Amino acid sequence: MINTQDDAGVSLSHLWRTLTGGGLVFLSQSEEPHDRLEQRKLPGQVRRAYESGQTMHGSVHDGALWWVVHEAESEASRLSCIAWSSVEGPWGELLTSWTELLSRIAARTQEADELTKALVSSWDRLTLLYELMQIAGETEDLSLMLESVVRLLAQVATARDVFLVLREKETSINVTASGDPLPQPEVLFESAVLTQRPVTLAELHRALREANSPLARMKDLLVAGILTEEGHVGILGLLDPLENNFDANDVQLVASVAEQVSALIQAEKARARRAEQTLLEHELAIAAEIQSSLLPDRLPELAGLELAVMLEPARQVGGDFYDVTRTADGDHLLMLADVSGKGSPAALLTALLHTAFHAEAAHSDDPAVLLSNVNELLYHDLDKAGTFITAFVVKFNLPRQEFVYASAGHVDAAYWQHDRQAVFFLPATGLPLGIEKRGEYRARSAEIAEGNALWVYSDGITEARNERGTLVGGSGLADLVDAVYSAPVQRQIDCLRRYLHIFTGGKAPEDDMAAVIVRAVRREDQACHAIPFVLPATLESIYDFVEQMRLGFPGRSAGNLDLPQSVLDDVSLAFSEVASNQVEHAYADGDGVILGRFEANPMRVEVHLFDQGLPFDPDEVGLPLIDAEDPPERGYGLRLAFGLLDVCEVERLHGRKNHWQLVKKISEKMEP
Amino acid sequence: MNVETRKLETGEIIVLPKGRLDARTSLAFKEELRNIAEAQPAMVVVDLEQVDFIDSSGLSALVSGMKAIRQNGGMLNLSSPRQQALTALRLTLLDRVFPIFPTLDDALEQGDLLSP
């Protein structure tokens, strides 16, 4: 506290006594003069003048001169002065100015006091808010946090009790500073929801009385709602048995603490969600570990056959899976399966399937019998889990040059028959595993002849969709097989990935995608350099590819592709013109894919291009007649292509795709 | 690709494109020829000596430029094409549209046509 006023008062009365030999007191409003007059009886007239606020200038009473001076300015804390003296003199003016001086000092002191009080209070509140923010770091337990909030608020607020009630889904939290739970918080909840600001007792009284709440007996109450992203989740407030105990500062305090609490709750919920996510990711990582450990280390090496696989889970762990093993008589078996479901349950079922597949293979050499036995083994677990598995099993019977296969409800496999230059689909030969306890499967076979290929894949591939919602479908897959069949299988797998990527516009896969390609090697293909390609139908991607072609595909062709530069120039220019035509005419109405293969041997270069766009109409875009006086500004591309090549033909296939064949023969005269 | 353009004292304009005249470069080249046409020159020679590749979009640019120059009362000759450009012009029958000369001097003097 500042003592300026008292110090000054003491100094002045000391000075007065020295000057006049009398006495002096300064009295604040309504102060009793007797308490302060040392050994001197206050004359009745002087007392009356003091009490009525009249001024007295040196009047003689009881043998002394008396003065009564009132400070006129300040209303709130009026200061008066009573003085006596035995010596006459011009003391009146002196006393007036002293009183005024002292009064000013007093006013300042009071102001300073108030300022100090406000400062201390706001400091406390600031500290409170700071401490509230610290709570989040101290514990992860929400109810402990809320207890801390109530304790802190009770230290700062001038209230009998502080309460905080949270309405959780399962349990509710009801914390008070006093330790007694708040009775009937529902009544306060309803009121808090209705308004965005803290509610006072006056607004609540009626509702409390109607609900017969013991809170109605409180003389003052303040309550604020706690609002989070999920809506009103709780209330926070102050209680006091004194009337009008809470002021605007308390309203502000309750509002800001309520805000802090809602931030605390939201942060805690976010943390809990993150923790759950981390747990889930951890679980998925373990499942992925299990699943990848079950995949074969490498694919079998089979005379005359080449194999390649792709497996792209949609999330960390999917249900697509492939496996290889051998039958009792030594034939290789390959399985591609799709376990319905994701995550660890799918991984566990995959592990079961893996075990059953290997165990049963040792006893049976027929894929149909194997599937039937695996079904019997897994039926109980699959039924309990309410799920199923589709699986395609193929046995490579090399001595008889045939694929023997059986399919448990699996999506059709594609079989490329080279001599007929066509794709045939191999449908399921029985129900998925886990549907019927005694599943019946039939085995079928297909010839392993040079150039024939088998594409086994999951439905994630044929059901991949583009931005317009169109599926790849069996036809899209058949088109791809038709375009790239002559290339080494690993390149075909690369093309499949690229095709899916371009077709879906680069979106993350919605479902797992798995594929196995098995192809009977064709000697002729080995002598020929086949470069399969899948290009988005844009001019830029075509020019990039043409540039590679013009350079003879550096780094991509196996062996030496010693083609004469003039042949590469002519073919790449013709290719560029034809592919540009596909972009501008076949795909005039939107995005698309251009696919095909570039094949070269010492005799000729042959390029096949496919698009799934509008039919080519030679009359519409074809070769304009050149009027030397008024030549057309466009349409020279195909004329160039036709002129540069030995063969440049286009055909419409299956009513859905265009096939361009470009052939350039290499004559012996040409220099490499 | 870049294009050099110069004007002779006698008024003829010589355009010298360099590099590849393909879909990536021919739009700019077409604009260049159209700008030249605006000055209404009597004679423009496109010297193809340094063009090592031309495709249909390059040919289109030449045709478009020639038409603009003709409309303004001038003419456009081609000179010194390399083998690839000459083949492209012949395959598209544009050798019947453009006067093509073996050298720049021939094109300026309008003698010794390469085209039939």
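This is a chat about a predicted model with chains A and B.

Reader: Hey, can we start with chain A? How many helices and strands are there in chain A?

Author: Sure. Chain A has 17 helices and 24 strands.

Reader: And what share of the residues in chain A is buried?

Author: Of the 672 residues in chain A, 48% are buried.

Reader: Okay, what about the outside? How much area does chain A expose?

Author: About 33300 Å², and carbon and sulfur atoms supply 50% of that exposed area.

Reader: What about contacts inside chain A, how many of them link residues 24 or more positions apart?

Author: If you take the contacts in chain A with a separation of 6 or more, 66% of them are between residues 24 or more positions apart.

Reader: Let's zoom in on one residue. Where is A:S458?

Author: A:S458 sits in a loop of chain A, between strand 18 (453-457) and helix 10 (459-462).

Reader: Why does A:S458 count as buried?

Author: Because its relative accessibility is 0%, and buried means under 20%.

Reader: Nice. Which residues does A:S458 touch, leaving out those up to four places away in sequence?

Author: Among them are A:D320, A:L336 and A:D338, along with A:H410 and A:V411. A:S458 also touches A:D512, A:M513 and A:A514.

Reader: Switching topic: how many residues are in contact between chain B and chain A?

Author: On the chain B side there are 24 residues, and they are in contact with 21 residues of chain A.

Reader: How much area is buried between chain B and chain A?

Author: About 1800 Å², with carbon and sulfur atoms giving 59% of it.

Reader: And which residues in chain B lose the most area to chain A?

Author: Those are B:R24, B:K67 and B:L91, which together make up 28% of what the chain B side buries.

Reader: How many salt bridges does the rule find across the interface of chain B and chain A?

Author: Four. In a salt bridge between A:E540 and B:R24, the side chains meet at 3.7 Å, N to O. The rule also finds seven residue pairs in polar contact across this interface, both residues at pLDDT 80 or more.

Reader: Which elements of chain B give two or more residues to the side that touches chain A?

Author: Strand 4 (51-54), helix 2 (56-71) and helix 3 (83-91) of chain B. Helix 2 gives the most, with eight residues.

Reader: Last one: how many residues on that side of chain B are nonpolar, polar and charged?

Author: The side of chain B touching chain A has 11 nonpolar, six polar and seven charged residues.

Key: Residues are numbered from 1 along each chain as its sequence is written. Chains are lettered from A and ligands numbered from 1 in the order in which they are written. This is a predicted model: local features need pLDDT of at least 70, side-chain atom pairs count only at pLDDT 80 or more; totals for chains, interfaces and linings use all residues. Side-chain values use heavy atoms; hydrogens and water are left out. Contact means heavy atoms within 4.5 Å. Buried area is the accessible area (1.4 Å probe) that two parts lose on being put together, summed over both. A polar contact is a pair of N or O atoms within 3.5 Å; within protein, one must be able to donate a hydrogen and the other to accept it, and residues adjacent in sequence count only if both atoms are side-chain atoms. Helices (H or I, at least four residues) and strands (E, at least two) are DSSP runs, numbered from the N terminus. Ala, Val, Leu, Ile, Met, Phe, Trp, Tyr, Cys and Pro count as nonpolar, Asp, Glu, Lys and Arg as charged, and the others, Gly among them, as polar. Buried means under 20% relative accessible area, exposed over 50%, partly exposed in between (1.4 Å probe, protein chains only). Accessible areas come from the Shrake-Rupley method with a 1.4 Å probe; for residues, only the protein chains shown count as cover.
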